[in-house]
Amino acid sequence: MDFAHWLLLVWTVVIFYVLGEIWFGQIVVYPLFGKVGSDEYIAYHRFYSSRIPLPVIVPGFASFLMPVALVFLAPASIPVWMVWTNAACGLAGLFVTVALEIPRHARLEKGGKQEAVIRELVLYNWPRTLSITGQALLTLLMLLSAFRPA
């Protein structure tokens, strides 16, 4: 098996890990932000933020940036539209993260519990959740294309 196929397999592990993580965040973690009391909120959010770099941030950013590498290094049998669409979904997720989600997390960490900001956090996470879901579905198609019998 060549490097391109190994990269696709590593990508598959990353995207399916992130798929589970993003849906858990969308359905459970972000809605729980609204259940924390105002007096405890800043400490809660700081605790949350201090624990997420390795399990959430690193794989999340990998899911945004690895597809760019796949544009250049994907197995030749994968249709170009798949790798480009995968990369576009990753860049969309990156945009949502940097432009919409990170600023709201910063507002919550500094200003404490703000119901409107929590609602925005949940709402604006939907495009990221859907783009990662799209990446996972595309990855299944890419695997079928890359590993189909000759």
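Trainee: How many salt bridges does the rule give in this structure?

Mentor: The model is a predicted one. A pair counts as a salt bridge when a side-chain nitrogen of Lys or Arg lies within 4 Å of a carboxyl oxygen of Asp or Glu. By this rule, the number of salt bridges is four.

Trainee: Which helices does the pair R128 and E101 link?

Mentor: The side chains of R128 and E101 meet in a salt bridge, with 3.4 Å from N to O. The two residues are 27 residues apart and belong to distant parts of the chain. E101 is in helix α4 (residues 80-111), and R128 is in helix α5 (residues 115-146).

Trainee: Are R128 and E101 buried or exposed?

Mentor: The cut-off for a buried residue is a relative accessible area under 20%. R128 and E101 are both buried.

Trainee: Is E120, the salt-bridge partner of R104, buried, partly exposed or exposed?

Mentor: The closest N and O atoms of R104 and E120 are 2.8 Å apart. R104 has a relative accessible area of 12% and is therefore buried, being under 20%. E120 has a relative accessibility of 24%, which lies between 20% and 50%, so E120 is partly exposed.

Trainee: With which residue does K113 form a salt bridge?

Mentor: K113 counts as partly exposed at 23% relative accessibility. Its partner is also partly exposed, with a relative accessible area of 39%. The closest N and O atoms of the pair are 3.4 Å apart, and the partner of K113 is E115.

Trainee: Which residues are joined into one network by salt bridges that share partners?

Mentor: R104 in helix α4 and E120 in helix α5 are 16 residues apart. Salt bridges with shared partners join these two and one further residue into a network, namely R104, E120 and R107.

Terms used
Residues are numbered from 1 along each chain as its sequence is written. This is a predicted model: local features need pLDDT of at least 70, side-chain atom pairs count only at pLDDT 80 or more; totals for chains, interfaces and linings use all residues. Side-chain values use heavy atoms; hydrogens and water are left out. Helices (H or I, at least four residues) and strands (E, at least two) are DSSP runs, numbered from the N terminus. Buried means under 20% relative accessible area, exposed over 50%, partly exposed in between (1.4 Å probe, protein chains only).
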